[in-house]
Amino acid sequence: MTYERAKDAEQEAGTVPTPFPRSQQPRTESSATRTSAYGAARPSGTLARNVSVRGLNAWYGDNHAVKNLNFEIEPNKATALIGPSGSGKSTVIRCINRMHEEIPGARADGEVLLDEVNVYDPKIDVVAIRRLVGMVFQKPNPFPTMSIFDNVAAGLRLTGTKGVGLRERVEKSLRAAGLWEEVKDRLKEPGISLSGGQQQRLCIARTIAIEPEVILMDEPASALDPLSTLRIEELVDELKARYTIVIVTHNMQQAARVADSTAFLLDGELIEHAPTEKMFTNPDDERTERYVTGKFG
Amino acid sequence: MTAMPVVSARRRRSDLVARGLLATAAIVALIPLVLVLFYLVKKGAGALSGTFFSSDPTGAFLGNQGGVKSAILGTIELVALATAIAVPLGVGVALYLTEYGRDKPFAKVVRYFVDVMTGVPSIVFGLFIYITLVLTGVSGTGFAGWKGSVALALLMLPVVTRASEVVLLLVPESLREAALALGAPRWRVVARVVLPTALPGIVTGTLLAVARAAGETAPLLFTSAIVNGTNFNLNERTNSLPIQIFNDITQPNNQLVERAWGAALTLVLMILLLTLVARLVSRRSRLT
Amino acid sequence: MEARSLELRGGRSLLERSPLSGIGDKILRWVLTALAAGILALIAFFFIRLYVEAKPAFDRFGIFGFTFDNNWDVSRQIFGALPLVVGTLITSAVALLIGVPVAVGTALYVTEFAPRPIRAVLSFTIELLAAFPSVVLGLWGVYVLIPKLKPAEQWFSDTFSFLPFVGGPVAGPNYFIGGLLLAIMLIPIVTAISREVISTVPAEHKEAALALGATRWEMIKMAVLPYSRAGITGAAMLGLGRAIGETIAVTLVIGNAPQIGKQLFDQGYTLAAVIANEFGEAASDPVHRAALIAAGLVLFVLTLAVNAIARLLVNRGVHGRRATKEAAPA
């Protein structure tokens with residue numbers, strides 16, 4: 001069964017180069033296959049993808065930051081990456097959407113599979129990957145020169161969405177991010193006029209507007225006050241119903257609250273990956289135990 | 001089985017076109033550089049000769065026009081005097097701003113006006129000096145070399161001040177405090193600690209100001225004017241390369257035009273040399 | 001350092017020094033402050049003197065009459081500077097239209113697209129353009145640009161004669177060549193400042209754009225250009241300030257005709273060029289001289305205004321942005 005991404009307005013069907021012969025069917029927005037903005041004609045009924053990391057290595061210049069990582073991330077679940085500073089957790093997720101290589105001197109190799117698509121396949125367009133894998137950064141970073149509305153619409157405008165369809169999707173995203181009620185009367189105001197917590201939710205709305213399948217979050221609440229943090233965590237809980245979430249956090253209580261499974265990294269290596277409850281109560285590895293009980297890091 | 005979103009061909013094309021256009025802009029920016037250098041060498045190299053450098057312009061209507069000796073010497077003299085005026089004043093003002101003025105309102109005003117001075121066209125400086133020194137016949141003469149130097153100094157002053165202020169601010173406060181704590185009076189700290197540390201940066205700024213002043217024509221037009229003979233009396237009209245070139249360009253005499261190209265090549269080489277030395281000095285600075 | 005047993009322990013102040021060094025400090029402070037004040041006094045003084053000398057011209061023609069009358073007739077001693085002002089504006093406009101896109105494009109290329117190894121070389125080379133003195137560019141303009149461009153200019157003038165200000169016989173020296181030389185002179189300045197402004201765009205905004213699946217150019221449109229808009233405009237205005245005041249290169253290639261040309265390739269005049277050009281003959285004629293000085297004053301005021309606005313924009317572009325983008329407290 002072919003998956004139809006009927007939402008994106010990329011109409012140049014005949015001329016669009018695709019890496020996979022299977023998906024050469026023209027993408028049309030006929031109402032038969034079109035469902036709500038967040039639904040799709042997919043067997044499992046969700047967007048989320050399975051992420052497999054195989055043999056991932058990453059360097060900053062000569063610094064070998066991620067060493068031969070292998071692990072699986074389940075769809076529709078939140079997976080937390082924990083570990084002390086410098087353990088490579090942020091580097092790992094930046095490899096998933098290939099943002100790592102944007103840093104001068106940085107490189108990576110190995111495989112990161114989104115379902116069966118290898119992100120590092122040279123035939124694949126990096127820009128296309130980043131539409132599938134959204135990212136929320138540690139410090140909220142709405143575009144300073146854009147209004148609240150324009151911020152959320154930014155990614156959608158790239159693919160030509162306009163008019164009523166655009167407004168609908170912006171509203172949907174803001175609702176899904178729990179921000180709609182607070183901003184619905186001031187959509188034209190600058191994105192940076194919001195508080196820190198609201199800005200981060202705006203960034204989340206911006207990310208989910210383009211309907212990615214995986215959402216990466218790099219310590220999304222670490223710059224926020226406790227109340228905002230809680231709201232973000234609630235959001236993660238809601239979002240995982242539709243997306244695969246990978247969240248980096250240095251806060252173990254957060255991991256315990258939010259994640260279904262947790263992976264512990266140390267010095268660029270994956271030490272252990274287990275369901276969260278097991279990780280925090282009965283880890284297999286001794287180093288994991290020392291970390292989660294606060295003996296170091 | 002799942003599909004991949006792809007980037008539309010239209011977007012890919014825009015990206016490529018944009019890259020192409022921007023790279024073109026960079027190339028276009030370089031074209032004049034190449035062309036000017038090319039013609040300078042092509043038309044000017046032929047004029048350079050022994051006599052070119054060793055004889056003065058004759059100012060004759062016909063026949064031998066002579067070389068540019070007085071122009072080269074004149075430029076050196078005028079710029080040297082201008083530097084001797086501008087550097088102490090410029091560094092002095094910079095010292096005031098960093099050591100005493102800091103954020104006081106008066107210092108802010110001074111800083112603002114120094115900045116303003118960088119935007120004043122050089123011909124306006126020439127006019128200033130013309131009105132205040134030449135018309136009034138100060139020191140008994142109308143046009144005089146030293147008056148041209150003063151005009152050049154006005155031009156150099158803001159450049160030297162700004163460059164010096166930047167470097168002086170880079171001198172770590174801890175260095176000053178250590179010296180002061182040892183009981184040294186402030187003037188000593190400035191003379192023995194701050195200035196020596198900042199020296200390479202100040203030299204760089206000065207050299208760049210010198211390079212700029214050496215090429216200026218407008219301020220000299222009605223201050224030091226033009227003359228043919230070499231003189232070492234800066235209280236009289238003094239020749240200089242830019243003025244000589246300016247004069248020769250519009251003459252309907254091939255020899256003169258060729259001389260102008262040779263002089264232009266010489267001037268550009270002098271300026272390039274100064275700029276390169278300035279860069280080398282700045283590399284050796286511990287601060288920048 | 002003198003061998004004084006001056007250990008500073010709690011309470012003992014630096015004021016306890018020998019009187020001699022106290023005087024040294026006072027002198028230094030006084031001298032430097034006087035110097036700084038002197039600079040201010042100097043600028044004020046020159047402004048006043050300029051006005052005094054220019055006054056005869058303003059008295060005769062009125063300030064507005066002088067600046068906006070279209071009649072610069074030396075022989076009849078009538079001095080209305082409009083042709084000069086218009087000429088200054090036209091050449092500056094041409095310079096901006098040609099120079100700013102090239103400069104900003106270069107700045108963008110160097111900061112965002114050029115492969116790392118050639119970045120430094122490229123920016124250094126572009127700055128070398130600034131090493132050419134005005135008179136050298138003027139020389140090159142007269143003997144290389146004017147003859148070589150004339151056929152192309154004539155072709156342009158003929159082909160596009162339906163456009164306003166285009167069409168008719170092409171003069172050798174003309175507004176366009178003047179503007180072109182000015183463009184060459186302003187490229188290094190505008191590129192350097194634009195580069196500085198563009199490189200202060202925080203990486204987080206660029207990353208946000210890339211993470212949404214933007215191509216590099218889209219990222220620049222989304223995150224870099226809006227952020228740098230003020231600073232780049234300021235850079236362009238600094239270039240404009242330079243173009244307005246530029247004398248020698250322009251006077252050599254503009255034709256120095258005291259008229260408002262009908263088309264782009266006509267001869268013209270500028271405020272700066274008139275001063276350089278007519279000073280010789282004005283030395284003995286007080287009215288003419290006053291008129292030239294008045295032109296200088298107008299030029300001065302114009303450049304002051306443009307530069308003041310430019311500096312405001314550049315400062316806001318480079319420093320101000322950081323203040324505005326901080327979030328209100330949660």
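So, which residues line the second largest cavity? Let's start there, and keep in mind that this is a predicted model.

On the chain B side, the residues are Val116(B), Met117(B), Val120(B), Phe125(B), Phe128(B) and Leu154(B). Chain C brings Leu42(C), Ile43(C), Phe46(C), Phe47(C) and Phe300(C) to that lining. By class, we have 11 nonpolar residues here, with no polar and no charged ones. The space inside comes to about 80 Å³. And if you search the whole structure, you find 11 cavities of 30 Å³ or more.

Where in the fold do those lining residues sit? Three helices each supply at least two of them: α4 (105-119) and α5 (122-134) in chain B, plus α1 (19-61) in chain C. The largest share is from α1(C), with 4 residues.

Okay, on to the contact between chains B and C. Each chain puts residues into it: 82 from chain C and 82 from chain B. People often give the size of an interface as the accessible area lost when the parts come together. For chains C and B, the buried area is about 7100 Å², and carbon and sulfur atoms give 80% of that.

What about charges across this contact? Between chain C and chain B the count is 2 salt bridges. One to look up on your screen is Glu127(C) with Arg279(B), where the closest N and O atoms are 2.9 Å apart. There are also 10 residue pairs in polar contact between the two chains, counting pairs with both residues at pLDDT 80 or more. On the side of chain C that touches chain B, α1(C) turns up again: that helix gives the most, with 20 residues. Sort that side of chain C by class and you get 55 nonpolar, 14 polar and 13 charged residues.

Now for a pocket. The second largest one has a volume of about 630 Å³. It has 26 lining residues, and the closest to its centre are Glu102(A), Glu112(C), Leu210(C), Arg216(C) and Met219(C). Several elements give two or more residues to this lining: α2 (126-132) of chain A, α1 (9-44) of chain B, and from chain C α3 (82-113), α4 (116-128), α7 (203-211) and α8 (216-245). The largest share, 4 residues, is from α7(C).

How does the pocket lining divide by class? It has 10 nonpolar, 2 polar and 14 charged residues. Remember that the cavity we opened with has no charged residues in its lining.

Last stop: salt bridges over all chains, and there are 39 of them in the structure. Have a look at Lys139(A) and Glu204(C), with their closest N and O atoms 3.2 Å apart. This pair crosses between chains: Lys139(A) is in the loop between β6 (133-136) and α3 (148-158) of chain A, while Glu204(C) is in helix α7 of chain C. And α7(C) is the helix that gave the pocket lining its largest share.

Methods:
Residues numbered from 1 in each chain as written. Chains lettered and ligands numbered in written order. Predicted model: local features only at pLDDT ≥ 70, side-chain atom pairs only at ≥ 80, totals over all residues. Heavy atoms only, no water. 1 Å grid on protein atoms, 1.4 Å probe; cavity = no way out; pocket = protein on both sides within 12 Å on 5 of 7 lines; lining within 4 Å. Points joined across faces, edges and corners; volume = space filled by probe spheres on them. Nonpolar A, V, L, I, M, F, W, Y, C, P; charged D, E, K, R; others polar. Contact = heavy atoms within 4.5 Å. Buried area = accessible area lost by both parts, 1.4 Å probe. Salt bridge = Lys/Arg side-chain N within 4 Å of Asp/Glu carboxyl O. Polar contact = N/O pair within 3.5 Å; in protein donor to acceptor, adjacent residues only side chain to side chain.
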